[in-house]
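Hi,

Here is the structure I said I would pass on. Have a look at it first, and then read my notes underneath.

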Amino acid sequence: HKYAEHGRVGVRNVRRDSMDHLKKLEKDHAMTEDDHRKSGVKVQELTDKAIAAVERALESKQAEIMQV
């Protein structure tokens with residue numbers, strides 16, 4: 001459980017950094033508000049996929065441990 005939580009925290013940290021970068025781009029007028037919103041949605045989708053992968057790995061490992 002500890003390693004899975006570290007994985008989830010790492011994914012969320014990357015999401016936070018990405019969202020901060022998108023905000024900076026919008027603030028510097030290098031990106032429109034619509035592009036910022038679309039990119040934010042894409043970042044969230046990727047985050048959800050990564051966290052789901054961590055959860056699948058955790059479930060697989062738990063099942064493997066319980067067989068022993």
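Let me start with Lys24, which sits in helix H1. One thing to keep in mind as you click around: this is a predicted model. Lys24 comes out as exposed, with 52% relative accessible area; the cut-off for that label is over 50%. If you want a feel for distance, pick Lys24 and Glu55: they are 31 residues apart in sequence, and their C-alpha atoms lie 31 Å apart in space.

Ser18 is another residue of helix H1. At a relative accessible area of 26%, Ser18 is partly exposed, because that label covers the range between under 20% (buried) and over 50% (exposed). From the C-alpha of Ser18 to the C-alpha of Tyr3 is 23 Å, for a separation of 15 residues in sequence.

Now the overall picture. What does the secondary structure of the protein come to? You will find 2 helices and 0 strands. The radius of gyration is 16 Å, whereas the globule rule gives 11 Å for 68 residues; the value is well over the rule, so the protein is more spread out than a compact globule. Along the principal axes, the C-alpha atoms fill a box of roughly 55 × 15 × 10 Å.

A few totals go with that. Buried residues make up 18% of the 68 in the protein. The exposed surface is about 5,500 Å², and 58% of that comes from carbon and sulfur atoms. As for charge, there are 14 positive and 13 negative ones, and the mean positions of the two sets are 3 Å apart. If you take the contacts between residues at least 6 apart in sequence, 55% of them join residues at least 24 apart.

Next, the loop. Helix H1 runs over 2-27, and His29 lies in the loop between H1 and H2. Is His29 buried or exposed? His29 is exposed, at 73% relative accessible area. Its backbone is worth a look too: His29 is not a glycine, yet its phi is positive, at about 65 degrees.

Past the loop, there are three residues of helix H2 that I would show you, starting with His36. Unlike His29, which is exposed, His36 counts as buried, with 16% relative accessibility. Which residues is His36 in contact with, leaving aside its neighbours within four places in sequence? They are Met19, Leu22, Lys23, Glu26 and Met31.

Thr47 comes next, also in helix H2, which spans residues 33-67. Thr47 has a relative accessible area of 5%, so it is buried. Its side chain reaches back to the backbone oxygen of Val43, at 2.8 Å. Beyond the neighbours within four places in sequence, Thr47 is in contact with Val11 and Arg15.

Last is Ile51, again in helix H2. With 19% relative accessibility, Ile51 counts as buried, since the cut-off is under 20%. Not counting residues up to four places away in sequence, Ile51 touches Arg8, Val11 and Arg12. So where does Gly10 sit relative to Ile51? The two are 41 residues apart along the chain, and 9.7 Å separates their C-alpha atoms.

If you only have a minute, load the model and go through these:

- Thr47, for the side chain that reaches the backbone oxygen of Val43.
- His29, for the positive phi.
- His36, for its contacts, including Met19 and Leu22.
- Ile51, for its contacts with Arg8, Val11 and Arg12.

Cheers

Key: Residues are numbered from 1 along each chain as its sequence is written. This is a predicted model: local features need pLDDT of at least 70, side-chain atom pairs count only at pLDDT 80 or more; totals for chains, interfaces and linings use all residues. Side-chain values use heavy atoms; hydrogens and water are left out. Helices (H or I, at least four residues) and strands (E, at least two) are DSSP runs, numbered from the N terminus. The radius of gyration is taken over C-alpha atoms; the globule rule is 2.2 Å times the number of residues to the power 0.38. Buried means under 20% relative accessible area, exposed over 50%, partly exposed in between (1.4 Å probe, protein chains only). Contact means heavy atoms within 4.5 Å. Accessible areas come from the Shrake-Rupley method with a 1.4 Å probe; for residues, only the protein chains shown count as cover. Lys and Arg count as positive and Asp and Glu as negative; His and the chain ends are not counted. The place of a charge is taken as NZ of Lys, CZ of Arg, CG of Asp or CD of Glu. A polar contact is a pair of N or O atoms within 3.5 Å; within protein, one must be able to donate a hydrogen and the other to accept it, and residues adjacent in sequence count only if both atoms are side-chain atoms.
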